[in-house]
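Open the structure in your viewer and keep the selection panel at hand. The stops below take the chains in turn, saying what to select and what is there.

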Amino acid sequence: MGEQQQTLWQFMSGQSDKLFTQTLQHVGLTFISLLLAIAVGLPLGILIARKRKLSGLVLGIAGVLQTIPSIALLGFMIPVLGIGAKPAIVALLIYALLPIIRNTYTGITGIDEYVKEAAKAMGMSASQILFKVELPLAMPVILAGIRTATVINVGVATLASFIAAGGLGEFIFGGISLNNTNMILAGAIPAALLAIILDLLLSVIQKMDFKRLRKAVYILPVLILILGGFYILPSAYGSSLTAGFTPEFMGRQDGDLGLKSAYGLKIHTIVISDAVMYKAAFSKELDVISGYSTDGRLKAFDLRILKDDKGIFPPYYAAPIVRESALQQFPQLEATLNLLANKITDSVMTDLNYRTDYLHQSPERVAKDFLISHGLYKASRNGNRGTVRIGSKIFGEQYILAEMYSMLIKGNTDYNVSTKSGLGGTKICFDALTNDQIDLYPEYTGTGLLVLLQPDQQIAKAMAHDKDKTYQYVYGEFKKKFNIRWLKPIGFNNSYALMMRDKQSKALNINTITDLKKYLDQN
Amino acid sequence: MIELKAVSKKFNHTHAVNEVSFKVNEAETLVLLGTSGCGKTTTLKMINRLITPDAGEIYIGGEAIARQDGDALRKKIGYVMQHIGLFPHYTIAENIAVVPKLLKWPKAKIEERVHGLMEKLHLPANTLNMLPNQLSGGQQQRVGLARALVADPAVLLMDEPFGALDNVTRTSIQQEFKALDELKRKTIVMVTHDVQEAFELADRICLMDKGKVVQLGTPKELLYQPVNDFARKFLAGQQLTLEFKITKLSDIWSFLPNAAAAEEKSEVADVSVWEAMELLRSTGKNRLLAVDEHGKIKALSFDQLTKGFNQYQNLQAHG
C-alpha cells in the first residue's frame, strides 16, 4: 500500500506539468461552460416563470438534452463544430442548462404571491420587481441549481479529452487504456477533489443569509470569469498537418513514443477518443490518426494506412484467452474455440468490421453469415451443462468475435453461453477474466505483451516484431503468471497503424511514415 | 376624491364586479363590506390598477387613472393587505423605505421619515435592522402600515388589514389606527368582511354582494334603513352590538343623570356607548365621568348607560 502511494506520488510529481495544465483546462472548461449556461439558462428560467405555458416545453427540451449520452452528444457535434474546445464547451453547456433553468423557474415561481403583489402595489416596475425582489429571493434556489450544474460539469468535462479538448480525462482514459493505475488516479483524484471543493464552496454561498448573499452574488460572476479564463485554447504549434491520437496511443512505446524515437516525427498532436477519431479525420479536422489496421471505418471513411517502414508497431494477432480452470470445467471448449483458428485474414476482418461499423449490420448477423459461408454454423443445441461466459472489449471487432464464439459453443457443445460484451478497455476485460467474472475474451498478442505483461524494454524489443516469438512469450508467461491460456490465433493482425485520408496521402505523395516525417520537415 | 363610474370586471365569464359606482370624499373612510367573493377586493385593486377594469372609469382627484402610468400611479397610493407582503430579504428600515427609494428621496430625508413613522406606530428602534420574520404579527402589520404611509399618499387602500391578527392584537391596533393623526387627513378605502370592524372604522359603508353595490350609506343608515333582505340579514344577530357602536354619548346625553358638581376630572369625551362600556369593563371601575362641549359633567355606569340607551331607542322608534 505504502509503495503504491509512493509510486502514485512519484507519477504525479513526474507529470506535474501535465497535471497542472490538465487541471487548469478542466477548471476552465467547467467554468466557461457554466458561465455560458448561466447566461442562457437564467433568462430562459425567468422567461418561463413569466410565461408559464412555455415552461413544459422548455423544461422538456432541456430534460431530453440532458439524457443524451455524453459521448454521443460529443459525436454529434463534430460535423458542426469540429473537435477541440468548441464542441466540448457546447456539450457541457447543454448538460448544465437543465438544473439552472429549472431552479430559476422554481425559485421565482416559489416566491410568496403576496410579496410580489406588494412590490407591484408600491409602484415597482417589472424590472425593479425582477432585480430587487424576485431574483434576490430566488437566489438560494438558483445557486443550488448552479451548484448541481458545476458538479455535473466537473464530471462530464473528463470526457472532453475524447474530442481533444484536454482536461483531466486525458490521464483517466489514458490510464484505463494503458492499464496504468497511477495514471488513472492522477486524473481521477484531482477531478474528484475539484468536484468536492467546488460543491463545498457553493454550498457555503448558498447558505449565506440575505445580507451577505448580496455581496457574494456580485463576486460570483467575476470568480467564474477568472476560473473560466484558465482554459487556454490549445495553441497549434507549427506543423502543417494535425494528428489525433488516442490517449492509449499517446502513452505507448509502440505508439507516439516510438514515433518520436524511431522516426523523429514532430507533428502537432491532439488527444482524442477513437470513437470520434475516424470521423474527425474524414471531416478533415485531423490529417493523421492512429487507427487499427482491421478497422472497418478504414474502408468506410476512405482512409489509407501508412507503411510502418521502420517496424515500430508490433504484431497484434488476435486469439481467445481462457482461464485454465474454465478449460477444465468445459472440456470441449478448447477444440470448439480453435475451430476459428486461422480462418480470418486481415482483409476479411476489415470487411466484417466494415459491415458492422458502416453498414450497421448487427454483429450477430455478420458473425452468422461468416460461419455459414465457411461451413462452421450449426443450430443451437440449447445445452444446459454449465454456462460459458464470454467477454469482449467495447468495439465492433470484439463484438463480432464474441458472437462467433457464442454460436460455435452453442452449436457444437451442450454448454450454454452468456456474453458480457462492451467491457471498456483492456484493463477492464482482463480484470474481469482474472477475477472469474468471465471465462474468456479475444485478446491481441501485442497487447498481451506490452500492456498486460509489461516486460523490460530489452525483452520487449527483442520479440516485439516477431509474430511467433511474441505468441510463444505471452503463451508461456500468461500460463505461469495468471493461469490463463492463449489458444490458437484467429489469423488476422490488428496492429496499430498511422492512417491518412486516401486522397490527401496521394496528393502529398505520402506512402510511409518516413514520407510523412520528410513532408513535415519540409513544410 | 375617488370616483368609480360603472366599473366592471369579468373573470372567466363571471362578473366579479358588475357596474359598480361610488364616490369617496376627501379624508373620508369608505369600507367595502361583503362576504368573500362579493367583488370587494377586486374593486379595491382596480383603484390602483393592480387589476385593470373591463369597463367603466375610475377617477382620482378628477383624473382618469386609465390614462396614467400604472407604476407612477401606485407610488402615490398607499396599499396595505392582510398578508402584509413584507420583503423577507429587506430589513425593517429598508422595507419601510421602499417607495421613497423608488422616488429617489435624499438619504437623510428617508431616514428621518422612517424613524418618525416607527415612533408613531410604536415600533421599537431596535427592530430597524431586523428582518421581518423576527417580528411578531402585530409588529409586521405596523411595518406594513408604515410602508404604505411613508410617502404620505393622499389615498390609502387597505385590503383586510387586520384580518391576519388575533383578536387582542386586532383590537389594540384598530384603536391605534383610529387615533393616528396621519390617517385622519387621508382618503381611505378599506375592504373587510367583518361587520364590527366596518362599523368601528367607517365613515360610510358600501355593502356589496355578487359584484354589485347593495347599499351605500353611513353605518346608521345601514342599521336602521336596510334597503332589502340581504342588507337586513347581513347585520342580523349583531344588531345590539352595532347599535351600541353607532350610538354616541352625545345621542343619549339628555337621558344620563348629572354628576355631582366639582367631582373628579372627566375621563372620556364623546365616544360610542360600546366604547364607554368597554372602558368600564377594562378599567374595572363602576363609574366613569364624561363631559360635553358646555363643560357639563355626567357620571356613567353600566346601568345608566343601558337605561339611557333604551330611552333613546324608544324615542327613535316612536318619534
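## Stop 1: the annotated spans of chain A

UniProt, in an unreviewed entry, lists residues 27-49, 56-78, 84-101, 137-163, 183-205 and 217-237 of chain A under "transmembrane region". The model on screen is a predicted one. Select two of the listed spans one after the other, beginning with residues 56-78 of chain A. That stretch is 91% helix and 0% strand, and its end C-alpha atoms are 30 Å apart. Now take residues 137-163 of chain A, where the chain is 74% helix and 0% strand. The C-alpha atoms at the two ends of this span lie 40 Å apart.

## Stop 2: chain A as a whole

Select chain A and colour by secondary structure. The chain has 25 helices and 10 strands. Of its 523 residues, 54% are buried. Its accessible surface comes to about 22800 Å², and carbon and sulfur atoms account for 58% of that area. Among the contacts in chain A with a separation of 6 or more, 79% are between residues 24 or more positions apart.

## Stop 3: one residue on helix α9

Go to helix α9 of chain A, residues 181-206, and pick out Ile189(A). Is Ile189(A) buried, partly exposed or exposed? Its relative accessibility is 35%, so Ile189(A) counts as partly exposed; the band for that label lies between 20% and 50%. Next, add Ile172(A) to the selection and draw a distance between the C-alpha atoms of the pair. Ile172(A) and Ile189(A) are 17 residues apart in sequence, and their C-alpha atoms are 9.6 Å apart in space.

## Stop 4: the nonpolar cores

Which residues touch the most other members of the largest nonpolar core? They are Leu259(A), Leu498(A) and Leu516(A), in a core of 191 residues. Helix α5 of chain A, residues 85-109, gives the most to this core, with 15 residues.

Centre the view on Leu259(A) and show its neighbours. Leaving aside residues up to four places away in sequence, Leu259(A) touches Phe245(A), Phe249(A), Gly264(A), Leu265(A), Ile312(A), Phe313(A), Leu498(A) and Ile513(A). Leu498(A) is thus in two selections: it is one of the residues with the most contacts to other core members, and it touches Leu259(A).

A second, separate core has 31 residues. To find it, select Ala118(A), Ile2(B), Ile58(B) and Ile65(B), which are among its members.

## Stop 5: chain B as a whole

Switch the selection to chain B. This chain has 15 helices and 12 strands. Buried residues make up 52% of its 319 residues. Chain B exposes about 15100 Å², with 50% of that supplied by carbon and sulfur atoms. Of the contacts in chain B with a separation of 6 or more, 66% join residues 24 or more positions apart.

## Stop 6: helix α1 of chain B

Select residues 40-47 of chain B, which form helix α1. How many of its 8 residues are buried? The count is 7, and the helix is mostly covered. The buried residues are Lys40(B), Thr42(B), Thr43(B), Leu44(B), Lys45(B), Met46(B) and Ile47(B). Move just past the end of the helix to Arg49(B), which takes a positive phi of about 60°.

## Stop 7: a sheet in chain B

Show chain B as a cartoon and look for an open sheet of 6 strands. The strand order is β6-β7-β8-β3-β9-β10, and the pairing is mixed. The edges are β6 (77-81) and β10 (212-217) of chain B; each has a single partner strand, so one side of each is left without a neighbour in the sheet. From one strand to the next, the twist averages 15°.

Now select strand β3 (residues 29-33) and strand β9 (residues 204-209) of chain B, which run parallel and are joined by 4 bridges. Leu30(B) stands opposite Arg204(B) in β9(B), and Leu32(B) is opposite Cys206(B).

Keep β9(B) selected: 6 of its 6 residues are buried. Arg204(B), Cys206(B) and Met208(B) lie on one side, and Ile205(B), Leu207(B) and Asp209(B) on the other, so that both faces of the strand are covered.

The last selection is β10(B), which pairs with β9(B) in the antiparallel sense over 5 bridges. Val213(B) in β10(B) is the bridge partner of Met208(B). The two strands, β9(B) and β10(B), form a hairpin with 2 residues between them. End the tour in the turn at Lys210(B), whose phi is positive at about 50°.

Conventions:
Residues numbered from 1 in each chain as written. Chains lettered and ligands numbered in written order. Predicted model: local features only at pLDDT ≥ 70, side-chain atom pairs only at ≥ 80, totals over all residues. Heavy atoms only, no water. Core = buried A, V, L, I, M, F, W, Y, C linked by side-chain atoms within 4.5 Å. Buried < 20%, exposed > 50% of the residue type's maximum accessible area, 1.4 Å probe, protein only. Contact = heavy atoms within 4.5 Å. Areas by Shrake-Rupley, 256 points an atom, 1.4 Å probe, with all protein chains shown as cover. UniProt positions renumbered as here; feature names shortened; annotations may be inferred. Pairing = 2+ DSSP bridges. Axes fitted to C-alpha atoms, helices over the stretch in contact; angles between N-to-C directions.
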